Amino acid sequence: MALLDFQTALGRLVRVADHADPLRRLRLAPAERSFLEALPDSAGFRFTVAVQRSWCVGRAAGAATLTISVLPSDLRQRLLDRWTRAGGGTSSFVAAEADALLDFIAGELPNPSHLLAACRFEQAALRASAGANSFVPPEWVGRGAPQFALRRGSYAGAVGFHSDPHVVLSALIERTELPPLSPDVTTFLFAPGLDRLWQPASAHEVALWTRLTGAVAVQALLREGYARETIDALLQVGAIEYARPCPAP
Amino acid sequence: MAACRRLGNIVEPLGVGFPYIADLPADLYESGLVDFVEIAPETICRQRAIGKAVAIEIVPDQLARARRTCAALPIVVHGVELSIGSAHGWNAAYLEMLDDFQALWPFVWHSEHLGFQTISAEDGATLEVGVPLPLPATKEAVELVARRSAAIGERYGVPFLLENPAYYIADMPADPEIGDDIGLLAAIAERSGCYQLLDLHNVYCNALNFGVDPFVVIDRVPLKRVVEIHVAGGSSRDGFWMDGHNDRVPERVWEMLEYTLPRAPNVGGVVFELLDDFALSLGAAAIAEELRRVRTVWNRYRR
């Protein structure tokens, strides 16, 4: 028996992400192939798969506690089922998976919607939190040469709410009536250097964040009318960052 | 292959152990009910991608909290993420983290689960299966895990233990010389010089699910190599008894502990295993009762 091939086959059978023939391109002796082909019909294997699904759902739910808890139960079940069937929830390190899970859920929610705002809120909070321990403000704030490029911070986010965010989140958590979607958007900025990891974003900050869908040179931003003070303030807290390390002054 | 360690006085006996559960009040660990703490280092770590590689990093705040909770109690490490039986490769990032962990917080011994939980994708990436799976009882599996176990023993300089797993798939392929999971673990221990963590609840699970006598299984375990014993609770689902670590210890498992402890002269500690998710629902009073009962049995044979 080739242990590597046997394990690959067994692992593929338990993971449902592999829809193709799980025994493809493996060196298996006839007896091993027979054992593996018969396995899906055995009660013990089916129970192993059930345990795996249950653990994966539990991990996923624990990775995105807020969003999972505020989703309607039928939608929650459907999304978790699709996520785990696609191979999600297998890692014990839930934080590493939370971002991808929340991206997946966000892609399934109406835009705009209060649920989507809550989902992005949790994702931004987790990202900022992940960066907070190691965040150091760049030395070049206020002195950066204008040819250097800026981009959105790796651990930052901006989340728009179509009503008062506190009212929206409270209503979702307490399962009370949600306020109507307003055309006016209140944006929260998340960044690893902010005291509480978030703050309400000013119109200037929202405009700069919106502009930075990719890397843009400081001089271009200044030319377009973005204020140096806004740039420096966002750099200071990690909401935006230099797109590449700056050379020493 | 490293020579077998000398049997006898493998470790100074520690007594009654309990897992580190961050959500439990620290009082439990200061109550005198617990002599040592079993910690899964992954629970105070985070995983971070570095390009295509992955690093497992100790979170300083969580380490500090764990150390405050455990105070002066000795610790043992019970790893989850190594996947020691994965033929495509084990989790090197886990061992790198454990190097750092040992430098910061030395442990008396170190244990791992015998099994595998990762496979290789067709592009060579590592895929998590999402649940630990049993190894076939083959010579190749013995060779692989024995080599790795010996290397771990050398690397950390403390006894390395492998835990017998609970599993639900019957009639796994096996070489006749090895036989089954008990033969597999015994052969690895013999070849590598590593020791055993005998999880009595896992023996109980497998015995119930496959219709065998757990005491016959215990009699086949090389008990001189057993350094740690686990007792735990589980639950029934879909006709299987699950290794859930979610309840009190079944009476039959207490009987198994009474049977095993006097026959296993090198046991350094007995741990009442409980998962974080169920610790709060089980409650402090029930946990204390289980720990007192472990101590009663321990004192009967070890005092």
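1. Surface of chain B. Chain B exposes about 12100 Å². Carbon and sulfur atoms supply 51% of that area. The model is a predicted one, and every value in this note is computed from it.

2. Overall form of chain B. The chain holds 10 helices and 14 strands. Its radius of gyration is 18 Å, and a compact globule of 303 residues would come near 19 Å, so the two agree. Along the principal axes, the C-alpha atoms of chain B fill a box of roughly 50 × 45 × 45 Å. Buried residues make up 58% of the chain. Take the contacts in chain B with a separation of 6 or more: 77% of them are between residues 24 or more positions apart.

3. Overall form of chain A. Here there are 11 helices and 6 strands. The radius of gyration of chain A is 23 Å, well over the 18 Å that the globule rule gives for 249 residues, so chain A is more spread out than a compact globule. Its C-alpha trace spans about 70 × 50 × 30 Å along the principal axes. Of its residues, 48% count as buried. Among contacts in chain A between residues at least 6 apart in sequence, 67% join residues at least 24 apart.

4. Surface and charge. Chain A exposes about 11900 Å², and carbon and sulfur atoms supply 54% of it. It carries 24 positive and 24 negative charges, with mean positions 6 Å apart. Chain B has 26 positive and 42 negative charges. Their mean positions are 6 Å apart.

5. The nonpolar cores. Nonpolar side chains tend to be buried together in soluble globular proteins. In this model the largest nonpolar core has 113 residues. Those with the most contacts inside it are A:Leu10, A:Leu36, B:Phe18 and B:Phe101, so residues of chain A and chain B both appear in that list. Apart from it lies another core, of 33 residues. Among its members are A:Leu79, A:Ala98, A:Ala124 and A:Val168.

6. A:Leu10 and its partners. Residues up to four places away in sequence are left out here. In chain A, A:Leu10 touches A:Leu36, A:Leu39 and A:Phe45. In chain B, A:Leu10 touches B:Phe116, B:Leu133, B:Pro134, B:Ile169 and B:Met172.

7. A:Gln7, in helix H1. This helix covers residues 3–14 of chain A. A:Gln7 has a relative accessible area of 2%, so it is buried. Sequence neighbours up to four places away aside, A:Gln7 touches B:Gly85, B:Ser86, B:Ala87, B:Phe116, B:Ile119 and B:Leu135. B:Phe116 is thus a contact of A:Gln7 and of A:Leu10.

8. B:Thr118, in strand E7. The strand covers residues 116–120 of chain B. B:Thr118 counts as buried because its relative accessibility is 9%, and the cut-off for buried is under 20%. Its contacts, not counting residues up to four places away in sequence, include B:Ser83, B:Ser86, B:His88 and B:Gly89. Also touched are B:Thr126, B:Leu127, B:Glu128 and B:Val129. B:Glu81 lies 37 residues from B:Thr118 along the chain, and their C-alpha atoms are separated by 9.4 Å.

9. B:His110, in strand E6. The strand covers residues 110–113 of chain B. B:His110 is at 0% relative accessibility, so it counts as buried. Leaving aside neighbours within four places in sequence, its contacts include B:Val77, B:Tyr94, B:Leu98 and B:Ile152. B:His110 is also in contact with B:Tyr156, B:Val158, B:Pro159, B:Phe160 and B:Leu161.

10. B:Glu57, in strand E4. The strand covers residues 53–58 of chain B. Beyond neighbours within four places in sequence, B:Glu57 is in contact with B:Ile44, B:Cys45, B:Arg46 and B:Arg48. B:Tyr94, a contact of B:His110, is 37 residues from B:Glu57 in sequence and 9.0 Å away in space, C-alpha to C-alpha.

11. Backbone points to check by eye. A cis peptide bond joins A:Asn111 and A:Pro112, with omega of about 5 degrees. A:Pro112 lies in the loop between helix H6 (94–108) and helix H7 (114–132) of chain A. A:Arg175 is not a glycine, yet its phi is positive, about 55 degrees. A:Arg175 sits in the loop between helix H8 (165–174) and strand E3 (186–190) of chain A. In chain B, B:Ala71 has a positive phi near 45 degrees and is likewise a residue other than glycine. B:Ala71 is found in the loop between helix H2 (60–70) and strand E5 (75–78).

How values were computed
Residues are numbered from 1 along each chain as its sequence is written. Chains are lettered from A and ligands numbered from 1 in the order in which they are written. This is a predicted model: local features need pLDDT of at least 70, side-chain atom pairs count only at pLDDT 80 or more; totals for chains, interfaces and linings use all residues. Side-chain values use heavy atoms; hydrogens and water are left out. Helices (H or I, at least four residues) and strands (E, at least two) are DSSP runs, numbered from the N terminus. The radius of gyration is taken over C-alpha atoms; the globule rule is 2.2 Å times the number of residues to the power 0.38. Buried means under 20% relative accessible area, exposed over 50%, partly exposed in between (1.4 Å probe, protein chains only). Contact means heavy atoms within 4.5 Å. Accessible areas come from the Shrake-Rupley method with a 1.4 Å probe; for residues, only the protein chains shown count as cover. Lys and Arg count as positive and Asp and Glu as negative; His and the chain ends are not counted. The place of a charge is taken as NZ of Lys, CZ of Arg, CG of Asp or CD of Glu. A nonpolar core is a set of buried Ala, Val, Leu, Ile, Met, Phe, Trp, Tyr and Cys residues joined through side-chain atoms within 4.5 Å.
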